[in-house]
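Visitor: I should like to take a close look at a single part of this model. Please treat that part in detail and then place it among its neighbours.

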Amino acid sequence: MIIGKRFATGLCALVATLSMGLAPSAAYAADEPDDSEGGPKPKVELVLDVSGSMRARDIDGKSRMAAAKQAFNEVIDATPKDVELGIRTLGANYRGDDRRTGCKDTEQLYPVGPLDRRDAKTAVAILSPTGWTPIGPALLKAADDLKGGEGSRRIVLISDGEDTCQPLDPCEVAREIAAKGINLTVDTLGLVPNTKMRAQLSCIAEATGGTYTSIRHTDELTDRVGQLVDRAADPVVNPVAVDGAESCAAAPELKPGLYSDRARFGEHRWYRVDVAPGQELRASVSIAADRAVRDDYGVLLRAVTKHQREIVRGSEAGDGRTDVISAGLRYPKPERDDDEADEKETVCLQVSHSYAPADGTAAAKGKPGLPVELAVDVVDAPDDASDVAAFGLGRGWWLLGALVLTGFVGGVLWGWLSRWRIAVWRTN
């Protein structure tokens, strides 16, 4: 899931604001993994940094490599039987100084699949700190390892240093993985982290809706890796990847459910939803900043007719204190008594945001766009639903009518008063 737990928090806040909730429908449940035998299995790949710096003895008096091995052995013993586990290494084989060769040094130590605990432990036991830190290439290979299947997919990256194989930026690699819409989460753990490593690993996690954790003790590493492996077995709602269009006419049609997309800086994304008389459309959108952006930003969700008349909108603004911002709307379509009573209306949803690259950040960093999560539901409308799209004025129609009436009455009174004053002046 692109936004994961952070987006879930944003959506919950939106639900409380609207006081009506985006109630999950049967379509949401259809995306949940089947825990029965033969259903999709959750997949996890542990990606371990085995570079030379893992020899450092600063975790509870032993080397970082020894702490990682101990944690892996305990996690392997505790892995749920319905989780398919794999292990990949980076920097485990090449000892030389050739950068090109060192940046290809990643291999799958144990294939993702049913877990043979003895074989997995044996594979980990023979590891020895060796070479470079090709995090970007390892993430690309790990994403390939987890291809296929319908269950949840998670990469757990454990590293003690930043990538040494630039310009293949691992943060950009994580964004590209998220943009593919394959519902892959990357969680990162930094062993005895410094500021630069923390920033890089945090960026990787945020790009895919994962988490970053700083580790300084063996028991912390064991507990955190175990939690992440267990989390993969929890039922989740996986958003469906969708490509929003540049106009309503070309927009994809959405059914009730959860969707993910990417939106670049200054870009508008369009989607379509059919709403029948007597139904109410409920929609919300959350957009996350998975890179450095300017402090002031906002998100806008508009519902318009096919003729571009605005029905209703929802918007929200932020000032840099949160990296996720959400907005929502609801549109009840009243029942009709004429011949078109059963005719559905096509409602166009427009998603836009005002995020901008941070100062000094190249505009090209807008690719592949910021992660977007869109929730759509169609439910029975309330009994007193009114046509909020009348004349394209939304709920402001009554206000315009009141202003027109007030202006008319005021004009009549002013005209009468003026004529009376002129008549008095002439008389005097």
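Which residues in H9 are buried?

Guide: In this predicted model, the buried residues of H9 are Thr218, Leu221, Thr222, Arg224, Val225, Gly226, Leu228, Val229 and Ala232. The helix itself covers residues 218–232, 15 residues in total. From its first C-alpha to its last, H9 reaches 22 Å, close to the 21 Å expected at 1.5 Å a residue. As background to the list of buried positions, residues three or four places apart in an α-helix point the same way, because there are 3.6 residues a turn.

The surroundings of H9 come next. Its buried residues pack against one helix, H3 (64–78), and against the strands E1 (43–49), E4 (153–159), E5 (184–191) and E6 (212–215).

Among these partners, strand E1 merits a description of its own. E1 is mostly covered, with seven of its seven residues buried. Lys43, Glu45, Val47 and Asp49 point one way from E1, while Val44, Leu46 and Leu48 point the other way. Both sets, including the charged-side-chain names Lys43, Glu45 and Asp49, are buried.

E1 also pairs with other strands. In general, strands of a sheet pair through backbone hydrogen bonds, either parallel or antiparallel. E1 and E4 run parallel and are joined by six bridges; within this pair, Lys43 stands opposite Arg153 of E4. E1 likewise runs parallel to strand E2 (residues 84–90), to which seven bridges join it. Here the bridge partner of Val47 is Arg88 in E2. Strands E1 and E4 thus appear both in the packing against H9 and in a parallel pairing with each other.

Elsewhere in the model, a helix pair and a further sheet may be set beside this region. The axes of helix H6 (residues 135–145) and helix H7 (residues 170–179) come within 8 Å and cross at roughly 20°, which means that H6 is roughly parallel to H7. Their crossing is right-handed. At the contact, Ile135, Gly136, Leu139, Leu140 and Ala143 in H6 meet Pro170, Val173 and Ile177 in H7.

The further sheet is open and consists of five strands in the order E7-E8-E15-E10-E13, with mixed pairing. Its edge strands, E7 (240–241) and E13 (324–332), each pair on one side only. Within the sheet, E10 (residues 279–288) and E15 (residues 370–380) run antiparallel and are joined by nine bridges; Val285 has Leu374 in E15 as its bridge partner.

Key. Residues numbered from 1 in each chain as written. Predicted model: local features only at pLDDT ≥ 70, side-chain atom pairs only at ≥ 80, totals over all residues. Heavy atoms only, no water. Helix = DSSP H or I, 4+ residues; strand = E, 2+ residues; numbered from the N terminus. Expected span 1.5 Å × (residues − 1). Buried < 20%, exposed > 50% of the residue type's maximum accessible area, 1.4 Å probe, protein only. Contact = heavy atoms within 4.5 Å. Pairing = 2+ DSSP bridges. Axes fitted to C-alpha atoms, helices over the stretch in contact; angles between N-to-C directions. Parallel < 35°, antiparallel > 145°, perpendicular 65-115°, else oblique. Left-handed = near helix turned anticlockwise from the far one by under 90°.
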